[in-house]
Amino acid sequence: MNIKRAKQEIKDTIEAYLKKDEFGSYVIGSVRQRPVLLIGPPGVGKTQIMEQISQECGIGLVAYTITHHTRQSAIGLPFIEKREYGGREYAVTEYTMSEIVAAVYNKIQQTGLAEGILFIDEINCVSETLAPTMLQFLQGKTFGNHRIPEGWIIVAAGNPPEYNKSVRDFDIVTLDRIRRIDVEPDFDVWKEYAVKADIHPAVRDYLNIRRQNFCQIETTVDGRLFATPRGWEDLSQLIQVYEELGKKADRELIQEYIQFPKIAKDFANYLELHYKYKNDYQVERILEGEISEAAVEKLERAAFDERISVVGLLLSGLNEEFRQVSRMGRMMAMRMEQMKELHKSGAFEKNGVEAFAAMTEEFQEQMEKRREQGLMSRMEYRTRRAVLARFEEDLKKLRAGDWKDGAQVWEALRESFGQDSDRYEDMTEAAGEKLEHAFDFMEAAFGGSQEMVLFVTELNTGFYSIEFLQEYDCERYYQYNKNLLFSREEELLGQVLGQ
């Protein structure tokens, strides 16, 4: 299955394992809570989804890469303890608490989260001395003599043997006590994530054309050659920072991330074309409504890859606009929620400024606490930071003013919120106008051809574009989308009748 389905499977499993009966006991006892074992190629996103799952489920997460540990750190260090048996005293070997088990208890103390996930990565690549301990861990949920606390779900991950020569096979006794999920790379799932994660448009567009290069791992006489989803994402972030610094990523640098020379060379060439097309066609001007006849004529004569690349550049420009609107909308919604709670509390009646200051301080404390607990995604953290900055700005203005009562303070805050609300409306309108200009250009250059189909299809699947189009009424989008759905229905009907 793909990583998106695997993530949902694990979330459903956690919900089932943590369900309690009317007496507060887990419905599925610890002995029947099978550990989940994720098996899939490197870089497919196994570790990343664990962070997302813990945040979305509101539980703790302790993650270990077990190949970095020895038998001693896993089961603890031995020490001598005196015990009495049958009236005689004996020296008995005991063990200190496992570092991994101790980390779980530390997480509980630090975060106050009694339930969570213990994630062990590369579990099937351990050394010979540690292998029995890992089997015991999967079978009995213990490290040495120390049991994993109740309420903590065990998830492990590993690579298939074709990707790692150090892989060890589990015996049937162990496999019969775990829940195995095999994960395969899926570009469409990654593509959905890529827009939300702000993956560089050149990476997204290139892989959209060369899907076979999304995840490639080969063994040759020269060694292992590989391109992985993790490699593409890490490369994307570096390219973005390089652009801010005025630098360009060359073939040698790309190959440091995409360690498959043929693919690295192909992408390096595409990246150069990406910058060339962006400059030649002046996509920013197109979205502002400046459509050059020369650009349209040039595109009409262009090769297919160039035409698709320009469509990708238009979509990337639009997605950035939609992203900004989305972030502003989330900030406004969160800010409104906080203000409603404050107004409902009645704290403004005594000292409006200090009540607002107390709310701001509490908001910051909760934000930092959730971040320390690991319950906050990067998107949520950015939103909360933006809201906090706005609160602090409002507070500074309030303290500089002279207010007679809480009603005046509340009115000042409403005015500040109204200004941001107007700004949000302006941003939405501007993004809508750019979408209309993009359709103007697409119609002039491509009419209703396959490029237009691709353009509308991408709008239908993008995270931010879907969100935007639910609020913004674009007549041409609905018309082209309707035609697209109709043509698909005709195609499906033709397949049925042809059988």
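Over how many bridges do strand β1 and β9 pair, and in which sense? The views below take up this question and then move on through the predicted model.

**View 1. Strands β1 and β9 side by side.** Welcome to the first close-up, where strand β1, made of residues 36–39, meets β9. The two strands pair over 4 bridges, in the parallel sense. To find your place along the pair, look for I39, which stands opposite D182 in β9.

**View 2. The open sheet of 5 strands.** Stepping back a little, we find β1 and β9 within an open sheet whose order is β2-β5-β8-β1-β9, with parallel pairing. Its edge strands are β2, residues 60–65, and β9, residues 179–182, and each of them pairs on one side only. From one strand to the next, the twist averages 20 degrees.

**View 3. Strand β5 and its neighbours.** Here β5, residues 116–121, takes the centre of the picture. On one side, β2 is joined to β5 by 6 bridges, and the two run parallel; T65 stands opposite D121 in β5. Strand β8, residues 152–158, is also parallel to β5, with 5 bridges joining them. A handy landmark for this second pairing is F119, which stands opposite V155 in β8.

**View 4. The two covered faces of β5.** Is β5 enclosed or open to the outside? All 6 of its 6 residues are buried, so the strand is largely enclosed by the rest of the structure. In a regular strand, side chains alternate between the two faces of the sheet. Both faces of β5 are covered: one side has G116, L118 and I120, the other has I117, F119 and D121, and all of these are buried.

**View 5. Helices lying across the sheet.** Two helices are worth finding here. Helix α1, residues 3–17, lies across β1, β5, β8 and β9, and runs at about 160 degrees to β9. Helix α4, residues 99–111, lies across β2, β5 and β8, at about 155 degrees to β2.

**View 6. Helix α8 among other helices.** Now we leave the sheet for α8, residues 201–209, a mostly covered helix with 8 of its 9 residues buried. Among the buried ones are P201, V203, Y206 and L207. The buried residues of α8 pack against α7 (187–196), α9 (229–244), α11 (261–281), α14 (304–345) and α18 (450–461).

**View 7. The largest pocket.** This pocket has a volume of about 1,500 Å³. Of the 45 residues that line the pocket, Q48, Q52, Y193, A197 and R378 lie nearest its centre. At least two lining residues come from each of α1, α2 (46–57), α7, α9 and α16 (378–399).

**View 8. The largest cavity.** The structure holds 2 cavities of 30 Å³ or more, and the largest cavity has a volume of about 60 Å³. Its lining includes S30, Q33, K141, W152 and I154.

**View 9. Confidence along the chain.** How far can you trust what you see? The chain averages a pLDDT of 84, and 94% of the residues score at least 70. Over residues 489–497, however, pLDDT stays under 50, and the model has 0 contacts beyond four places in sequence for this stretch. Where pLDDT is low, the predicted coordinates should not be read in detail.

Note on methods
Residues are numbered from 1 along each chain as its sequence is written. This is a predicted model: local features need pLDDT of at least 70, side-chain atom pairs count only at pLDDT 80 or more; totals for chains, interfaces and linings use all residues. Side-chain values use heavy atoms; hydrogens and water are left out. Two strands pair if DSSP finds at least two bridges between them. Axes are lines fitted to C-alpha atoms, for helices over the stretch in contact, and angles run from 0 to 180 degrees between N-to-C directions. Contact means heavy atoms within 4.5 Å. Buried means under 20% relative accessible area, exposed over 50%, partly exposed in between (1.4 Å probe, protein chains only). pLDDT is the predictor's confidence in each residue, from 0 to 100. On a 1 Å grid over the protein atoms alone, a cavity is a set of points where a 1.4 Å probe fits but cannot get out, and a pocket is an open set with protein on both sides within 12 Å along at least five of seven lines; lining residues have an atom within 4 Å of a point. Grid points are joined across faces, edges and corners, and a volume is the space filled by probe spheres set on the points.
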